[in-house]
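Visitor: I would like to understand how the words used for a protein model are justified. Could you take me through some of them?

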Amino acid sequence: MILIKNVKTFKPEAIGKKDLLIAGGKFIDVDEQLDISYSGLKIIDGTGLTAVPGFIDSHVHILGGGGEGGFKTRTPEIKLSNMISAGVTTVVGCIGTDGISRRMESLVAKAKGLKEEGVSAYVYSGSYRLPIATLTNDVMKDLLFIEEIIGVGEIAISDHRSSQPSFEELSKLSADTRTAGILSNKAGILNVHLGDSDKGLKPIIEIVNNTEIPITQYLPTHINRNEQLFKEGIEYAKKGGYIDFTTSTTKQFIDAGEVEAPLAIKKAIESGVKINQITLSSDGQGSLPAFDSTGNFTGLAVGTSMSLYNAFKKAIKVYDVSIEEALMTITKNPADILKLTNKGEIKVNLDADLVLLDDELNIQYVIANGKIMMEKNIMIQKGTFE
Ligand code: ZN
């Protein structure tokens, strides 16, 4: 049992100073002045700290990704410490460009491993390519019978690396994913990778306009990758769609026209997009090409979950986004959209996933499923190979 006393709490809405009682991996009570004594009760003095829900990173290449510059450019798997140091207590894994040497079996196994280490992990079925490579040879069976699989993705469209899916292929996959989601009480979301081509979101809009599939069946990502797609994304959100901004970036990407994620939140809100339609994800462990000052390719950097936390902080500190709104994009919104019903809020009966921040928004404590993973900015639960 853990009792956090007198802590300023954002659930993500601000609810003032509270005492938070955690037991059995859940929030048991959220109230004022809880006076409990119990042998073995761990008490944390929350004075001067701010409690927020554990972060949800909804698009991470947990198995590693990349490989777009040959085999040596395949990026490494995520480690527990990559998540915990960034306050991430829930991750959604995906494969990416290379669905040949990266397989669903390994993706699900990696998610199970992260769960054994104490955090929560889910995955999308498939990779960039259609028809998708599933675990059970049937996307519907994947969703119905594999606990960790909550949707399909990341499917690439409007990108030279996509499999150029036809309207029929994409709408059939959307229909199967939707129906499987309904049958399994999961989100059945299609996480869609958007590339740089002018087609942008049109393949999705075409399905929404010509079938019964609702716009909310899709969570398109990398919407901030260029100014044109960002503008299109704003219009798409105004029609009721969700939009996801990617936080891992490089100076070169920004110089080439990417709208950095914290600024994208600010601009989207100003354009009238409702905050509950916006999510951030890191694209962690994905590959990011790096260039020197004269533009020569110098190698690859790797995306990080830390970029998710940094974008959250920058949105508040630099772009004056409220802490509630910035939090929603990495907690309650992904939980709602992905139907992770025990996640995303500090609320009685939900999973006790929690981050305690100091005055400067630095991470001091991370609690995942009721277990302290980081204390006073020191990792106390190590990953298996760390
Ligand atoms: Zn992608």
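Visitor: What area does the protein chain expose, and what share of it do carbon and sulfur atoms supply?

Guide: The protein chain exposes about 15,800 Å², an area that comes from the Shrake-Rupley method with a 1.4 Å probe, and carbon and sulfur atoms supply 51% of it. This is a predicted model, in which local features need pLDDT of at least 70, side-chain atom pairs count only at pLDDT 80 or more, and totals for chains, interfaces and linings use all residues. Residues are numbered from 1 along each chain as its sequence is written, and side-chain values use heavy atoms, with hydrogens and water left out.

Visitor: Why is E154 called buried?

Guide: Buried means under 20% relative accessible area, exposed over 50% and partly exposed in between, with a 1.4 Å probe and protein chains only. E154 has 1% relative accessibility, so it counts as buried; H193, with a relative accessible area of 2%, is buried too.

Visitor: What makes E154, H193 and H222 donors of the zinc ion?

Guide: Donors are N, O and S atoms within 2.8 Å of the metal (3.2 Å for Na, K and Ca), and sites may look incomplete because water is not among the atoms. E154 (OE), H193 (ND1) and H222 (NE2) lie 2.0 to 2.3 Å from the zinc ion, so they are its protein donors. E154 lies in strand β9 and H193 in strand β10, so the pair ties together parts that are 39 residues apart in sequence; strands here are DSSP runs (E, at least two residues), numbered from the N terminus.

Key
Helix = DSSP H or I, 4+ residues; strand = E, 2+ residues; numbered from the N terminus.
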